[in-house]
Amino acid sequence: MSVTQPLRITILGGGIAGLTTALSLTKFAPPDGPPPLITIYEIRPEPATIGGAVNLTPNALRLLAHLGALQEIQAANYGAPCPAVEVFDLYSGTKIAESSFRGSDGKGLGEPPYMALRITRGEALKGVLAAIAKHANISLICGKKTTQIDEADSGVTLTFADGTTSTSDILLGCDGIHSVTRLKHVEPSRAATYSGICNAFGFSRLESHQTPHFEASAMNFARGGMLLTSFHNAARDSVYVGALMQVPLEASLQSRDGWRARGQDADKTRADLLLRYGGARQPAIAEWIADAQDLFLWPVFTLSKHGRWATDRVMLIGDAAHAMPPQGESTGIVFEDGVLFSRVLARWMQKSGNGSDGTPVREAFDAFERLRRGRIETAWEESQSVVKTVQEVGWFGHRIKMNVVPWYLWWTRGYRERHFVEDVTVCDVGY
């Protein structure tokens with residue numbers, strides 16, 4: 001059935017999830033009709049281009065290329081190529097393993113082949129924003145705080161703090177771990193919980209006397225957690241320092257304001273990092289921690305493994321639906337969510353004429369969940385191993401960990417590579 005009237009789609013959240021989902025909805029819209037009219041509402045006065053660095057794995061880069069965003073990232077020369085993440089014992093300086101993206105021929109994984117790219121969240125977002133700017137059907141409106149969500153048979157209406165409203169055919173909640181879409185409408189009882197670990201990150205200039213012990217990126221395991229040291233820009237003159245570590249939930253950290261104050265206390269975070277990782281065999285590690293700029297502590301919150309993702313006209317995407325501790329593929333999983341959902345929705349649009357034949361859009365939502373639930377629940381289980389890996393241990397526990405990590409990476413290599421070569425733009429969506 002041909003589509004004549006554009007579907008009106010509202011997206012809450014102007015971060016990487018919301019923006020790439022908008023690109024996906026546009027890219028995979030039915031070719032025989034108008035593209036959907038997409039409005040993205042962001043609570044901040046402008047998209048947040050600050051934060052740490054992420055590793056865009058081959059599957060993530062492949063999807064960004066499909067969406068036209070990787071080309072913008074490459075044109076701006078953002079990020080640093082990452083052929084492998086090397087794993088080190090912090091105290092001996094010994095390399096014990098690596099997670100490689102080179103592939104059997106050294107050119108990368110998948111078709112077309114990609115390695116990985118370490119890039120700051122801000123630069124990744126800038127690349128995606130540049131791609132968004134080329135699509136007239138996508139509007140981004142900032143500084144809008146949602147106070148109410150009302151769903152009816154005819155559509156979904158948002159009410160904002162400034163008294164204005166917006167109505168669309170469907171609403172996509174891409175607004176992260178503390179999702180207003182989830183907490184005000186889809187499943188208010190499903191609140192985020194603190195995982196017990198935090199991510200501390202900053203950036204340090206590479207000085208002339210310092211010789212990095214890694215090619216591109218290194219995980220340095222210690223008794224007090226795991227410290228990532230990595231290049232993140234093309235000039236390779238700056239080192240990203242990111243630590244995953246246990247931080248007890250003190251009385252002062254019972255609120256978001258408490259976490260915000262703790263996160264901004266750079267001196268306290270620096271002292272904690274030096275205590276945990278100051279015994280490194282590589283002297284540059286302590287120097288990078290001491291010199292790190294924009295040092296910030298970020299608590300890792302998670303959602304329960306099972307939960308509601310949708311109502312009749314509202315769908316949660318990314319962390320709003322299934323936030324979990326970082327497990328090496330988190331950003332790629334978000335991109336996959338947006339692409340797979342968009343392909344399923346496009347199939348519904350073609351079959352139903354945007355619902356003109358009476359077929360509810362919930363049919364597409366249910367099809368997406370059937371397609372996606374298993375993959376997300378497997379990833380959630382994998383993420384729990386990250387929590388265990390960064391827990392504080394004694395000397396004996398550390399030695400055990402240094403023997404287990406190489407074995408685990410070897411055992412799971414095939415599984416990881418299957419996901420890195422996957423292209424969800426062509427897989428069977430089963431709908």
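**Exercise 1.** Which residues is Ile 11 in contact with, leaving aside its neighbours within four places in sequence?

*Solution.* Contact means heavy atoms within 4.5 Å. By this rule Ile 11 is in contact with Gly 18, Thr 21, Ala 22, Leu 25, Ile 38, Thr 39, Ile 40, Tyr 41, Leu 172 and Cys 174, its neighbours within four places in sequence being left aside. This is a predicted model, in which local features need pLDDT of at least 70 and side-chain atom pairs count only at pLDDT 80 or more, while totals for chains, interfaces and linings use all residues. Residues are numbered from 1 along each chain as its sequence is written, and side-chain values use heavy atoms, with hydrogens and water left out.

**Exercise 2.** State where Ile 177 is found and decide whether Ile 177 is buried or exposed.

*Solution.* Step 1: Ile 177 is found in the loop between strand E12 (170–173) and helix H5 (180–186). Helices (H or I, at least four residues) and strands (E, at least two) are DSSP runs, numbered from the N terminus.

Step 2: Buried means under 20% relative accessible area, exposed over 50%, and partly exposed in between (1.4 Å probe, protein chains only). Ile 177 counts as buried because its relative accessibility is 18%.

Step 3: Not counting residues up to four places away in sequence, Ile 177 touches several residues, including Arg 182, Phe 301 and Asp 319.

**Exercise 3.** Compare the span of helix H12 with the expected one, then locate its bend.

*Solution.* Step 1: The expected span of a helix is 1.5 Å times one less than its number of residues. H12 (residues 395–421) has 27 residues, so it should span 39 Å. Its end C-alpha atoms are 38 Å apart, which agrees.

Step 2: A bend at a residue is the angle between axes fitted to the seven residues ending there and the seven starting there. H12 bends by about 50° at Arg 413.

Step 3: The buried residues of H12 include His 398, Met 402 and Phe 420. Among the elements that the buried residues of H12 pack against are helix H2 (58–66) and helix H11 (362–389).

**Exercise 4.** Describe the surroundings of Ser 195 and the pairing of its strand.

*Solution.* Step 1: Ser 195 is found in strand E13 (residues 193–205). A polar atom of the Ser 195 side chain lies 2.7 Å from the backbone oxygen of Val 300.

Step 2: Two strands pair if DSSP finds at least two bridges between them. E13 and strand E17 (residues 293–302) run antiparallel, joined by seven bridges. E13 also pairs with strand E16 (residues 238–246) in the antiparallel sense, over nine bridges.

Technical notes: A polar contact is a pair of N or O atoms within 3.5 Å; within protein, one must be able to donate a hydrogen and the other to accept it, and residues adjacent in sequence count only if both atoms are side-chain atoms.
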